[in-house]
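This report covers salt bridges, one helix, cysteines and a short helical start. The structure comes first.

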Amino acid sequence: MSECHLFGNGPSYKAAPRTPIEHSYGCNVRIASRPVRAIGCIDSGYPIKRLVDQIRSNPDGTSIYATSAVVRHLSDELKRCSWIHKNLEYGWSTQTRMEYRFNCGQVMTHNLCSKYDVINLWGFDSLTSSSVFSWHHDLPDADLCQIAAINEHPQDLHATWMQSWQKLIQDLGDQAIIVNNVPTSNGNINQHVLNEIFEDCGI
């Protein structure tokens, strides 16, 4: 059974063990201590510019996975780069594009489910708490990325993300098993299978 590891932007990603680079993926920004095969980006403007600059400054083989809307605004030179892939879908149907708001982790999960049997999530803290805090909030360029302040309607954003997870899981069906890995205070890792959590939820 094939499996991969997807690192979100919640602080708990630090609890993840060492994972094989060729089956590890990230979201939005490079994490220096966590080498991955590819990093997803669904935002134009500064977020993709920062990610491109990070890859260019250290060309270690890391790729960028992006949506067509993001790639559309890149220069012709960047569009020809072998490490930039237009393979993410922000919404995989008219309904999902019109009615749901997905974050990068959800869009990456949708992509990876076509390649792996098991998706291990790390650093997806909002799945087990109402907090939408990201370690990105501490970066000096957080305002340039237009990261929402953690006190700006966090409950609404959390509810939106949960509804999107629910829709994603239900649409994927049995295509892959999605496991949220949650560190505990005593150093253990609890594993929550999202397929089971959202199985009987109505939207």
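## Salt bridges

Asp171 is partly exposed, with a relative accessible area of 37%. Partly exposed lies between buried (under 20% relative accessible area) and exposed (over 50%), using a 1.4 Å probe and protein chains only. The model is predicted: local features need pLDDT of at least 70, side-chain atom pairs count only at pLDDT 80 or more, and totals for chains, interfaces and linings use all residues. Residues are numbered from 1 along each chain as its sequence is written, and side-chain values use heavy atoms, leaving out hydrogens and water.

Asp171 pairs with Lys167 in a salt bridge. The term means a side-chain nitrogen of Lys or Arg within 4 Å of a carboxyl oxygen of Asp or Glu. Lys167 is buried, at 10% relative accessibility. The two residues sit 4 apart in helix α6 (residues 154–172), about one helical turn. Helices here are DSSP runs of H or I with at least four residues; strands are E runs of at least two; both are numbered from the N terminus.

The whole structure holds 4 salt bridges. Among them are these:

| Pair | Closest N to O distance |
|---|---|
| Lys167 and Asp171 | 3.2 Å |
| Asp53 and Lys49 | 3.0 Å |
| Arg30 and Asp60 | 2.8 Å |

The Arg30 and Asp60 pair links distant parts of the chain, 30 residues apart. Arg30 is in the loop between β2 (24–27) and β3; Asp60 is in the loop between α1 and β4. Arg30 is buried at 16% relative accessible area, whereas Asp60 is partly exposed at 45%.

## Helix α1

Asp53 and Lys49 both lie in α1, 4 residues apart. Asp53 is partly exposed at 35%, and so is Lys49 at 48%. Helix α1 has 12 residues (46–57) and an expected span of 16 Å, which agrees with the 16 Å between its end C-alpha atoms. The expected span is 1.5 Å times one less than the number of residues. Its buried residues include Ile48, Leu51 and Ile55. Their cover includes β3 (38–41), β4 (63–67), α2, α3 (76–79) and β5 (84–88). 

## Helix α2

Ser68 lies in α2 (residues 68–71). Ser68 is partly exposed, at 37% relative accessibility. Beyond its neighbours within four places in sequence, Ser68 contacts Lys86 and Leu88 (heavy atoms within 4.5 Å).

## Cysteines

How many disulfides does the structure hold? There are 0 (cysteine sulfur pairs within 2.5 Å). Cys27 is in none; the nearest cysteine sulfur, that of Cys104, is 4.3 Å away. Cys27 is buried at 3%.
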